[in-house]
Amino acid sequence: MKPELSVLLVEDDPNVRLGCEQAMQLAGIKVDAVESAEEAQRRLRAGYPGIVITDMRLPGIDGMALLRWVVELDADLPVIIITGHGDVTLAVEAMRSGAYDFMQKPFSTSDLVDVVRRALEKRELVLEVDALRRRLDHRDNLESRLIGRSPQMAKVRQLILDVAGAAVDVLIFGETGTGKEMVARCLHDLSHPGQQNYVALNCGGMSDNLLDSELFGHEPGAFTGAQKRRIGKIEYASGGTLFLDEVESMPVNMQIKLLRVLQERVIERLGSNQQIPVSCRVVAASKEDLKQLSDHGKFRADLYYRLNVVRIELPPLRERREDIPALYDEFLLHAAKRYNRPPPPLTSEYLRRLMAQDWPGNIRELRNAADCHALGIGRDAMATGSGAAQSLTEAVENYERGLVADEFTRQEGNIARTSEALKIARTTLHDKLKKYGLI
C-alpha cells in the first residue's frame with residue numbers, strides 16, 4: 001500500500017504559515033507545519049514520504065543550511081525554498097545547492113499548490129522506484145536462499161515478500177527438513193535487515209519448567225538453582241523475531257501462557273509479578289497439522305487461530321522433484337568448498353536417480369547426501385563409482401543414520417515413539433537427529 005505523501009512546512013511567520021497550510025489543505029494536500037529548521041530535522045529521515053517547504057530566513061538554522069542538510073540526508077527529497085522579495089542571489093544559490101524550486105514572496109496560493117503537486121509527483125515516483133528496487137533485491141536474495149523453480153516454491157517466496165513488512169505472526173507448516181527455519185530467517189531478514197534480534201527455540205524435548213524459563217526468563221530465587229536474573233527468549237526477541245520450532249509439542253500450560261503473550265504482548269518473568277511489554281513477530285513452525293491436532297483436543301484451538309494469521313506451507317521434496325538438481329548442485333558446491341575438495345562431476349543419470357528418490361528427510365537429507373558425495377563416502381560415493389574406502393567410524397555413522405532416519409520416518413516424526421522403538425533416551429535421540437540433520 002502506498003504511503004500518503006505529505007508536506008513538511010518550515011515557516012516561523014505565523015501568518016504566512018497559516019496561509020500556506022490552509023491553501024494546501026483546501027487542495028487536499030496533507031501538511032505538517034513547524035516553526036524551525038531544528039524541529040524539521042527531528043521529523044525528517046531518509047525515505048521521508050513527502051517534500052519540504054522552507055522559508056530562507058529562519059531563527060537558528062536558516063533555510064539554506066536546512067537545504068544542504070536535507071540533500072546530504074536524502075538527495076532525492078524535494079525541497080522548495082521560500083525567499084523574500086529581491087533575494088534573487090539566494091534563490092540561485094539554493095537551486096545550485098539542490099533545491100527543487102523556489103517561491104518568491106509575495107506568491108499566489110495557486111502557484112504554491114501547483115509547485116507542491118509537481119514536487120509530490122516526483123517524490124512519489126522516486127519512492128515507487130526505490131520500493132521496486134528493494135523488492136527486486138529481496139526477490140533475488142530469496143531465490144538464492146530458497147532455491148527452486150517449482151510453482152510451490154515461487155508461491156512461498158511471494159508470500160514471504162508480501163508479509164515481510166507487515167507486523168503479523170506467521171505459522172509455517174512442513175515436514176521435517178523442508179526448510180522451516182530458513183523461511184523464518186528470511187522473514188526476519190526482510191523485516192529487520194541487520195537491526196533486531198532473531199531468537200530461535202525448539203519446543204521439542206523440553207520439560208515444562210525448562211521451557212517456561214527459556215521463554216519467559218526468571219528472577220533470582222524463582223526456583224532451586226536460579227541464582228541470578230535470566231532474560232527469556234520472548235523478552236530478548238522484543239523488536240525482532242521469535243521463532244518457535246516444533247510448536248506442536250508445547251505443553252498445554254505453556255500454550256496458555258503463549259496465547260496471553262500474543263494477545264496482550266506482555267510477559268512476567270518466573271518469580272516476578274511485574275508485567276514487561278514486548279513487541280516481536282512470532283513465527284511458529286510445525287510438522288503436524290495444528291488444525292487437526294486442535295480438532296482432536298491435542299492443541300489449543302484458540303492458540304492455533306491466533307498463530308494462523310498467515311500460513312506458509314512448505315512442500316516436501318517428493319512434491320517438487322524438479323528442484324532437486326539445483327538444490328543438490330548448490331549443496332555439493334558448498335560442501336566441496338567447506339571440505340576443500342574439488343566438486344565431483346554430476347551426470348544426468350545420477351541426477352535422475354536423485355530425483356527418483358522420495359527423500360523423507362527432505363532438504364536436510366539431500367544436503368547430507370551432498371556432503372557425503374563431496375567427501376566420497378556413503379551410498380552416493382558408491383552410486384558414482386568412486387570406490388573410496390570408508391573408515392569404521394564413517395561406516396558406523398552411515399549405518400546409524402539410516403536406522404534413525406528410517407524409524408523417525410516410520411513414526412511420523414514423533415520423538416517419543418521413535419525413542420521407544422530404538423530403545424534409547426529421548427535426549428540421546430534428539431542429539432542424533434540434530435547430528436544427522438533430520439530435524
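Mentor: Welcome! Helices and strands here are DSSP runs, a helix having at least four residues and a strand at least two, numbered from the N terminus. Keep in mind that this is a predicted model.

Trainee: Thanks! Where is proline 106 placed?

Mentor: Look at the two elements on either side of it. Strand S5 covers 101-104 and helix H5 covers 109-145. Proline 106 therefore belongs to neither run, and its place is the loop between S5 and H5.

Trainee: Which residue does a cis peptide bond join to proline 106?

Mentor: The omega of this bond is about -10°. The partner in the cis peptide bond with proline 106 is lysine 105.

Trainee: Is tryptophan 359 buried or exposed?

Mentor: Tryptophan 359 sits in the loop between helix H14 (348-356) and helix H15 (362-375), and has a positive phi of about 50° although it is not a glycine. Its relative accessible area is 1%. Buried means under 20%, so tryptophan 359 is buried.

Trainee: And lysine 423, buried or exposed?

Mentor: Lysine 423 also has a positive phi, about 60°, without being a glycine. Its loop runs between helix H18 (415-422) and helix H19 (426-435). With a relative accessible area of 72%, and exposed meaning over 50%, lysine 423 is exposed.

Trainee: Which side chain of opposite charge is nearest to aspartate 245?

Mentor: Aspartate 245 lies in strand S10 (residues 241-245) and is buried, yet has no salt bridge. A salt bridge needs the nitrogen and the oxygen within 4 Å, whereas the nearest side chain of opposite charge is 5.1 Å away. That side chain also belongs to a residue in contact with aspartate 245; its name is lysine 180.

Trainee: Which element gives the most residues to the largest nonpolar core?

Mentor: In soluble globular proteins, nonpolar side chains tend to be buried together. The largest nonpolar core here has 30 residues, and among those touching the most other members are Leu215, Leu242 and Phe299. Elements giving two or more residues to this core include strand S7 (198-202), S10 and helix H10 (252-264). The most, five residues, come from H10.

Trainee: Which isoleucine is in contact with leucine 242, leaving aside neighbours within four places in sequence?

Mentor: The contacts of leucine 242 include Val199, Val282 and Val283, along with Lys233 and Arg281. The isoleucine in contact with leucine 242 is Ile234.

Trainee: How many residues does the second, separate core have?

Mentor: Members of this second core include Leu146, Leu187, Val310 and Ile312. Its number of residues is 22.

Definitions and conventions: Residues numbered from 1 in each chain as written. Predicted model: local features only at pLDDT ≥ 70, side-chain atom pairs only at ≥ 80, totals over all residues. Heavy atoms only, no water. Buried < 20%, exposed > 50% of the residue type's maximum accessible area, 1.4 Å probe, protein only. Lys, Arg positive; Asp, Glu negative; His and termini not counted. Contact = heavy atoms within 4.5 Å. Core = buried A, V, L, I, M, F, W, Y, C linked by side-chain atoms within 4.5 Å.
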